[in-house]
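Let's take a walk through a protein model together. Have a look at it first, and then we will go from one spot to the next.

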Amino acid sequence: MSEIDTKYLKAWELIQQRNYYEAKEIFEALDKEDYWKASYDLAGFYYYGLYGFKKDIQKAIQYYEKSFLRSGKVKILEELLYVKHEYCGKLKTILYTLTHAISFYKAVKNKAKGDGNNDNPTNPKPT
């Protein structure tokens with residue numbers, strides 16, 4: 001298990017112990033290290049207002065986007081577009097999707113090739 005995976009598990013242990021402040025710091029540090037799972041979890045925490053996180057839809061959207069672009073997981077893109085639609089409406093979501101279509105395609109393509117930050121956070125990022 002890598003050091004980054006160990007930190008991630010530690011953050012979840014802290015949440016179970018209701019030490020939300022310290023867990024938040026770890027998740028945010030992991031996000032800065034481009035760990036997509038931390039970005040995804042932060043998105044959910046902000047979207048639902050969980051674990052001491054104040055509900056903030058804009059932050060949730062930012063973290064969903066980071067998580068998707070890092071992982072290329074279509075499930076995350078679906079969640080991102082759902083939240084975007086709920087928050088911004090149909091027209092803005094369509095425009096957002098069209099303006100980001102190329103980066104979305106590249107994220108999925110990189111995941112299919114096995115490049116980028118997928119399930120194994122120790123993989124090097126594509127250049």
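Which backbone oxygen lies 2.9 Å from a polar atom of the side chain of serine 71? The backbone oxygen belongs to serine 67. Keep in mind that you are looking at a predicted model. Serine 71 itself sits in helix H4. With a relative accessible area of 2%, serine 71 is buried, because buried here means under 20%.

Now let's turn to charged side chains. Side chains of opposite charge can pair when their charged atoms come close. In this model you can find six salt bridges. A good one to begin with joins glutamate 33 to lysine 7, where the closest N and O atoms are 3.5 Å apart. Try finding the two partners on the chain: lysine 7 belongs to helix H1 (residues 3–16), while glutamate 33 is in the loop between helix H2 (20–32) and helix H3 (36–48), so this pair ties together parts that are 26 residues apart in sequence. How open are these two residues to the outside? Glutamate 33 has a relative accessible area of 39% and is partly exposed. Lysine 7 is also partly exposed, with a relative accessible area of 31%.

Next, move along to aspartate 31. One of its partners is lysine 66, and the closest N and O atoms of this salt bridge are 2.8 Å apart. Aspartate 31 is in helix H2 and lysine 66 is in helix H4 (residues 57–71), so the salt bridge ties together parts that are 35 residues apart in sequence. Lysine 66 counts as partly exposed, at 33% relative accessibility. Aspartate 31, at 4% relative accessibility, counts as buried.

Aspartate 31 also forms a salt bridge with arginine 70, again with closest N and O atoms 2.8 Å apart. This pair, too, links distant parts of the chain: aspartate 31 is in helix H2 and arginine 70 is in helix H4, 39 residues apart. Is arginine 70 buried or exposed? At 18% relative accessibility, arginine 70 counts as buried, because the cut-off is under 20%. If you step back, you can see a network of salt bridges that links Asp31, Asp34, Lys66 and Arg70.

Let's visit helix H3 now, where you will find tryptophan 36. Tryptophan 36 has a relative accessible area of 7%, so this residue is buried. Compare its place with that of glutamate 65: the two residues are 29 residues apart along the chain, and their C-alpha atoms are separated by 9.9 Å.

Our last stop is a pair of helices. Two packed helices are described by the angle between their axes and the distance between the axes. Look for helix H5 (residues 74–88) and helix H6 (residues 90–99), whose axes come within 7 Å and cross at roughly 140°. That angle makes H5 oblique to H6. The crossing in which H5 passes H6 is right-handed. Which residues meet where these helices touch? From H5 come Leu80, Leu81, Lys84, His85 and Cys88. On the H6 side, they meet Lys90, Lys92, Thr93, Tyr96 and Thr97.

Note on methods
Residues numbered from 1 in each chain as written. Predicted model: local features only at pLDDT ≥ 70, side-chain atom pairs only at ≥ 80, totals over all residues. Heavy atoms only, no water. Salt bridge = Lys/Arg side-chain N within 4 Å of Asp/Glu carboxyl O. Helix = DSSP H or I, 4+ residues; strand = E, 2+ residues; numbered from the N terminus. Buried < 20%, exposed > 50% of the residue type's maximum accessible area, 1.4 Å probe, protein only. Polar contact = N/O pair within 3.5 Å; in protein donor to acceptor, adjacent residues only side chain to side chain. Axes fitted to C-alpha atoms, helices over the stretch in contact; angles between N-to-C directions. Parallel < 35°, antiparallel > 145°, perpendicular 65-115°, else oblique. Left-handed = near helix turned anticlockwise from the far one by under 90°. Contact = heavy atoms within 4.5 Å.
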